[in-house]
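Welcome! Let us take a walk through this structure together, one part at a time.

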Amino acid sequence: MAGKNISGKDEEQERRALMMEKIDMGAVLEAKEVYDAVMQSFPTTLGKSVSKKERDELGLKDASLVYGEITFETFAIVMEKIKKVYGLPFTNSCGPAGMLQSRGGIFYDLGSGTGKPVIAAAICHNFDVCYGIEVLEGLYSMSLDAMNIYNTKGKARLAGRSTDTCKLTSG
Ligand SMILES: C[S@@+](CC[C@H](N)C(=O)[O-])C[C@H]1O[C@@H](n2cnc3c(N)ncnc32)[C@H](O)[C@@H]1O
């Protein structure tokens with residue numbers, strides 16, 4: 001359990017405050033503008049209703065198919081924490097290259113819904129490839145629409161994103 005330090009502050013609170021100081025919230029908010037512009041036609045309510053309709057029609061009851069989504073800001077802050085703290089070279093189980101310390105790498109989302117984490121990942125970091133796999137056809141189809149908007153309008157607003165790195169699969 002976290003204790004109090006000499007100034008009476010809760011150690012856990014202090015650790016979190018120090019972490020947030022390292023995070024570039026300006027970069028998170030800039031990236032969010034690009035993300036919001038790409039995803040504005042895909043509110044969570046739409047993904048939920050498309051998913052529910054298909055599950056009802058097909059009689060799919062498995063709880064793992066219930067729909068929910070990431071929020072961009074939370075996702076982007078996690079990426080920032082990896083870049084600035086947890087993924088530094090020789091930190092945790094990272095080797096000399098660290099994690100997300102330079103361009104490249106592969107991102108996977110198994111159960112990619114309308115493609116939000118795949119597109120968020122492509123915006124937050126210059127990955128080689130961002131893969132998404134979605135089993136429900138309606139959601140998969142929407143994710144292709146979202147990816148097309150990212151490819152035609154979103155990535156032009158980001159440095160170094162010349163190729164189409166998002167790869168979505170139905171399955
Ligand atoms: C909680 S949602 C998350 C959607 C997305 N990853 C996000 O965070 O915005 C889980 C998704 O996984 C899909 N799913 C569940 N099991 C799957 C499987 N075995 N293969 C592919 N997709 C699956 C569901 O249809 C659903 O769209």
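What follows goes from the overall fold to one helix, then to the core and the ligand.

Please keep in mind that this is a predicted model. The protein chain has 171 residues, of which 29% count as buried. Its C-alpha atoms fill a box of roughly 60 × 40 × 30 Å along the principal axes. Six helices and three strands make up its secondary structure, and if you start at the N terminus you meet them in the order α-α-α-α-β-α-β-α-β. Take the contacts between residues at least 6 apart in sequence: 64% of these join residues at least 24 apart.

Now find helix H2, which covers residues 25–39. Its 15 residues reach 20 Å from the first C-alpha to the last, close to the expected 21 Å. Which residues of H2 are buried? They are Ala 31, Val 34, Tyr 35, Val 38 and Met 39. If you look down the axis of H2, these buried residues fall within an arc of 120 degrees, so they line one face of the helix. A general rule helps here: an α-helix has 3.6 residues a turn, so residues three or four places apart point the same way. On the face of H2 turned away from the buried side you will find the exposed residues Met 25, Gly 26, Leu 29, Glu 33 and Asp 36. The cover over the buried residues of H2 includes helix H4 (72–86), H5 and helix H6 (137–154).

From here we can step into the core. The largest nonpolar core has 31 residues, and among those with the most contacts inside it are Tyr 35, Ile 119, Ala 146 and Cys 166. Two or more residues each come from H2, H4, H5, H6 and strand E3 (166–170), with H5 giving the most, seven residues. In soluble globular proteins, nonpolar side chains tend to be buried together. Ile 119 is a good place to pause: leaving aside neighbours within four places in sequence, Ile 119 is in contact with Tyr 35, Val 38, Met 39, Ala 146, Met 147, Tyr 150 and Cys 166.

Finally, turn to the ligand. Which of the 19 residues around the ligand come nearest? They are Gly 68, Glu 69, Gly 111, Gly 113 and Val 135. Strand E1 (106–110), helix H5 (116–124) and strand E2 (129–134) each give two or more residues to this shell. By kind, the shell divides into nine nonpolar, six polar and four charged residues. Helix H5 therefore appears in both stories, as a contributor to the core and to the shell around the ligand.

Definitions and conventions. Residues numbered from 1 in each chain as written. Predicted model: local features only at pLDDT ≥ 70, side-chain atom pairs only at ≥ 80, totals over all residues. Near = placed C-beta within 6 Å. Helix = DSSP H or I, 4+ residues; strand = E, 2+ residues; numbered from the N terminus. Nonpolar A, V, L, I, M, F, W, Y, C, P; charged D, E, K, R; others polar. Expected span 1.5 Å × (residues − 1). Buried ≥ 20, exposed ≤ 12 C-beta atoms within 10 Å, placed from the backbone. Arc of directions from axis to C-beta. Contact = placed C-beta atoms within 7 Å. Core = buried A, V, L, I, M, F, W, Y, C linked by C-beta atoms within 7 Å.
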